[in-house]
Structure formats: C-alpha cells, structure tokens
Amino acid sequence: MEKIAVLGAGSWGTALGFVLADNGHDVRIWGHRQEIIDGINEMHENKKYLPGVELPMTMRGYTSLEEAILGVETVILAVPTKAIREVLQSLEEVATNPLTIVHVSKGIEPDTLLRISEMIEQEMEPAKLQDVVILSGPSHAEEVSRRQPTTVTSSSKNMKAAEKVQDLFNNHQYFRVYTNPDVIGVEIGGALKNIIALAAGITDGLGYGDNAKAALMTRGLAEIARLGSVLGANPLTFSGLTGIGDLIVTCTSVHSRNWRAGNMLGKGHKLEEVLDNMGMVVEGVRTTKAAYQLAEKYDVKMPITQALYDVLFNDVSAKAAVDSLMSRTKTHEMEDLANILGERKN
Ligand SMILES: NC(=O)C1=CN([C@@H]2O[C@H](COP(=O)(O)OP(=O)(O)OC[C@H]3O[C@@H](n4cnc5c(N)ncnc54)[C@H](OP(=O)(O)O)[C@@H]3O)[C@@H](O)[C@H]2O)C=CC1
Ligand SMILES: O=C(CO)COP(=O)(O)O
C-alpha cells in the first residue's frame with residue numbers, strides 16, 4: 001500500500017484515483033474547487049465530473065497541495081495541458097522530496113512545441129524530480145470508473161519507474177497496464193489522436209458515413225506516424241494502445257469530448273459555443289495548433305491537421321475542408337512514411 005497524490009479532480013484524475021483506491025492505495029486527490037473536494041469527502045461522489053460513481057472511502061480530497069503531497073513519493077498529474085505549468089510551479093514550491101511524476105494528460109504545448117514530459121523536466125528542479133512516467137491509452141473515465149475492462153501503457157526513460165507504475169495501477173479485474181520505453185511515440189500518439197477525433201466528429205456531424213470515418217482514422221494515423229517518426233518515435237508504437245488503440249476509442253466513443261465537439265462543429269455550431277457547452281477539456285483544439293506548427297517546422301505533410309486548423313482558426317467551413325482533402329493531388333499510400341524511415345536508417 002502506498003500513499004499517492006492525484007493532482008486534478010476532473011474526470012480522469014477521479015477515475016484513476018478510483019483504480020488506485022481499488023488496488024488498496026491511500027489516495028489523496030487535490031483540486032482547486034472547494035465544492036468538488038467537499039463532494040468527494042462528504043458524499044463520496046464527484047458530481048460534476050463523474051456523476052453516479054460511488055468513490056471509495058480511502059480516497060480523500062484536498063484543496064491544500066502541501067497537505068495532499070505530504071509523505072508522498074508518487075504524484076499523478078491529471079490536469080489539462082493548458083494548466084500543467086501552473087500546477088507544476090505550485091508543486092515545485094511545496095515539494096520536499098524527489099517525486100515520481102506520472103502524467104496522464106494528452107497534449108502538446110503550442111509555440112514551445114514541447115511534450116508534457118519535457119514541460120515537467122523544464123519546470124521541476126532536478127532535486128525534486130525522481131522520474132517522469134506517462135500513462136496513456138484507450139481509456140474513458142466513464143468506463144474505467146465502472147470497472148469495465150481497459151488497457152493502457154506505462155512509459156518512461158527509466159523502465160524500472162514505468163514498471164513500478166504498471167504495478168501500482170494494474171488490476172486483474174479491469175485495468176491492465178503494459179509498458180513501452182518509447183516516450184516520444186506514446187506522448188505523440190496520445191496527443192495527436194484528439195485532432196483526428198475532432199475531424200471524425202465533424203464528418204459524422206456533416207452526415208457522412210463509416211467510410212469517411214475509416215478514411216480519417218487510417219490516413220490520420222499515417223500523418224501521426226509521419227510526424228512522430230521525424231520527431232524520433234518508434235513507428236511501431238503507433239500500431240499499439242497509445243496509437244491506433246486510442247485513435248479507435250476516441251473516434252468512435254460517445255464519451256469522447258473531442259468527438260462530441262467535432263460533431264457539434266460538423267452540425268454548424270461555432271467553436272466558442274461548442275467549448276462553452278462542453279464543460280470539460282477538449283484537448284484537440286490546442287493540439288491542432290501545436291501539430292500544425294510542428295508540421296511546418298519539420299516540413300511534414302499533415303493534410304488532415306492542416307484542414308482542421310483551417311476550420312478551427314481560419315473560418316473555413318467543415319464541408320469545404322472535407323472537399324479540399326478529397327481533391328488533393330493523387331499520392332501513394334505509404335511512400336512518405338517509407339521515405340522518412342529510409343532517411344532515418346541512413
Ligand atoms: N477523461 C478521460 O476519460 C481521459 C482524459 N485524459 C486526459 O486527462 C487530462 C485531464 O482531463 P480530464 O480529467 O478529462 O479533464 P476534465 O475537464 O474532466 O477536468 C479537468 C480538471 O482539471 C482542473 N483544472 C483545470 N485547470 C486547473 C488548474 N490550473 N489548477 C488545478 N486544477 C485545474 C479542472 O478544474 P475546474 O473544475 O476548475 O475546471 C478539472 O477538475 C486531459 O489531458 C485529457 O486529455 C486522458 C485519458 C482519459
Ligand atoms: O483520451 C481519451 C480516451 O483515451 C479521452 O478522450 P476525450 O478527451 O476526447 O474524451
């Protein structure tokens with residue numbers, strides 16, 4: 001049994017705290033909203049983010065970060081990418097011992113173009129950072145917290161740390177954790193699948209069918225793998241849980257906030273209205289900006305990302321974006337990726 005702090009009392013932080021508590025750990029969940037923390041402590045429910053799920057008694061809520069991390073060696077960081085730096089700066093101030101930070105967020109920072117593990121290494125003083133681990137894969141909070149079978153991947157530069165996190169979370173009934181040393185591939189796959197899920201929601205919202213969605217998922221994976229390979233990922237990672245696995249669940253599940261946001265865009269709603277209605281984070285919007293910038297920087301063809309960027313930020317209609325994708329110059333299915341891998345070998 002270990003004392004573990006979960007930072008972020010949204011849907012994913014609460015669901016992961018639920019798994020850790022099921023595994024017998026002493027879980028301290030930190031959030032900045034008093035009413036959510038009171039609900040967790042008094043009603044054993046997170047009414048806003050995970051309604052209808054009875055939380056274990058061994059899960060305690062805190063609004064004081066200092067108290068939440070007292071005596072803790074492992075911290076689960078479960079806030080949206082946009083809030084990561086702010087939370088890390090507060091954590092750095094109150095940490096008194098080296099921490100293993102397990103991040104579970106899926107995004108890339110626009111402008112700096114950093115992955116979350118790189119942001120953690122930048123923000124935390126080395127003396128306060130033991131290891132960085134990423135936990136990612138096809139996993140919606142709504143299903144995990146109902147103990148429905150789920151598989152994810154634990155990744156780190158230090159495989160011993162990844163294996164420790166595998167042991168902390170692994171649950172023989174419903175939560176199976178694999179390991180993968182490819183930190184870049186795991187983070188890129190998890191972040192970029194949200195772009196494709198937004199696009200899949202858009203085509204569904206436009207009334208297009210399964211052919212369109214299958215095309216987006218397959219060609220979406222091709223552009224994720226192209227960019228990931230240029231950034232140094234192992235291309236095989238994209239055929240795993242954090243690649244195709246997460247792409248499938250996010251493009252096809254009604255639980256996906258990215259798919260739901262895309263669906264509303266496809267039906268003609270404006271971006272601000274969609275985000276206001278969601279009440280939860282839609283990571284794919286910021287990640288589209290970051291991936292667009294990465295594609296420009298590394299000169300990688302990412303037509304779906306570019307088309308979505310135009311819909312989100314340049315007022316191009318969803319229908320016009322699909323038309324532009326369909327009328328691109330003819331091309332080979334695998335040539336670009338094969339060329340990138342060939343160049344990496346030489
Ligand atoms: N939900 C899921 O099924 C999964 C989510 N993820 C990833 O996990 C990450 C978190 O997502 P998720 O939990 O779903 O998001 P939610 O929108 O459900 O919750 C986000 C939580 O973070 C809190 N928060 C936001 N900013 C801050 C801040 N500056 N300081 C402290 N707390 C803050 C929010 O508080 P407030 O109420 O004040 O807004 C809220 O409690 C995302 O990157 C997502 O992609 C990954 C796998 C599955
Ligand atoms: O990453 C997720 C599932 O693996 C969650 O996706 P959404 O943020 O689109 O709900």
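## Largest pocket

In this predicted model, eight helices each contribute at least two residues to the lining of the largest pocket: α1, α4, α6 (141–144), α8, α10 (241–252), α11 (257–266), α12 (271–278) and α13 (284–298). The pocket encloses about 1300 Å³ of space. Its lining comprises 48 residues, and those nearest the centre are Val79, Pro80, Met280, Val281 and Glu283. By class, 19 of the lining residues are nonpolar, 18 are polar and eleven are charged.

Two ligands are assigned to this space. Ligand 1 occupies the largest pocket, and the space taken by ligand 2 is likewise the largest pocket.

## Surroundings of ligand 1

The shell around ligand 1 consists of 24 residues, with Ser11, His32, Arg33, Tyr49 and Glu283 the closest. Helices α1 (11–22) and α4 (84–94) each provide at least two residues of this shell. In composition, the shell has 13 nonpolar, six polar and five charged residues. Glu283, one of the closest residues to ligand 1, is also among those nearest the centre of the largest pocket.

Polar contacts to oxygen atoms of ligand 1 involve both side chain and backbone. A polar side-chain atom of His32 is 2.5 Å from an oxygen atom of the ligand. From the backbone, an N or O atom of Val281 lies 2.9 Å from an oxygen atom of ligand 1, and an N or O atom of Lys106 lies 3.0 Å from an oxygen atom of ligand 1. On its own, ligand 1 has 900 Å² of accessible area, of which the protein covers 89%.

## Surroundings of ligand 2

Around ligand 2 there are 13 residues, and Lys193, Asp246, Ser256, Arg257 and Asn258 come nearest. Helices α10 and α11 each supply at least two residues of this shell; the largest share, three residues, comes from α10. The shell divides into two nonpolar, seven polar and four charged residues.

Asp246 places an N or O atom of its side chain 2.6 Å from an oxygen atom of ligand 2. Backbone N or O atoms also approach ligand oxygens, at 3.0 Å for Ser139 and at 3.1 Å for Gly137. The protein covers 94% of the 310 Å² of accessible area that ligand 2 has on its own.

## Largest cavity

Apart from the pocket, a search of the whole structure identifies two cavities of 30 Å³ or more. The largest holds about 110 Å³ of space. Its lining is formed by Ala199, Ile202, Thr203, Leu216, Ile304, Ala307, Leu308, Val311, Ala318, Ala321, Val322 and Leu325. Helices α8 (183–206), α14 (303–313) and α15 (318–326) are the elements that give two or more residues to this lining. Eleven of the lining residues are nonpolar and one is polar, with no charged residue.

## Second largest cavity

The second largest cavity has a volume of about 50 Å³. It is lined by His103, Ser105, Lys106, Gly107, Ile108, Arg115, Ile116, Ile134, Ser136, Val186, Glu187 and Gly190. Two elements, β6 (129–136) and α8, give two or more residues to this lining, and α8 provides the largest share, three residues. The lining has four nonpolar, five polar and three charged residues.

Lys106 lines this cavity and also has a backbone N or O atom 3.0 Å from an oxygen atom of ligand 1. Helix α8 contributes to the lining of the largest pocket, to that of the largest cavity and to that of the second largest cavity.

Note on methods
Residues numbered from 1 in each chain as written. Chains lettered and ligands numbered in written order. Predicted model: local features only at pLDDT ≥ 70, side-chain atom pairs only at ≥ 80, totals over all residues. Heavy atoms only, no water. 1 Å grid on protein atoms, 1.4 Å probe; cavity = no way out; pocket = protein on both sides within 12 Å on 5 of 7 lines; lining within 4 Å. Points joined across faces, edges and corners; volume = space filled by probe spheres on them. Helix = DSSP H or I, 4+ residues; strand = E, 2+ residues; numbered from the N terminus. Nonpolar A, V, L, I, M, F, W, Y, C, P; charged D, E, K, R; others polar. Near = heavy atom within 4 Å. Polar contact = N/O pair within 3.5 Å; in protein donor to acceptor, adjacent residues only side chain to side chain. Areas by Shrake-Rupley, 256 points an atom, 1.4 Å probe, with all protein chains shown as cover. Sits in = over half its atoms within 2 Å of the grid points.
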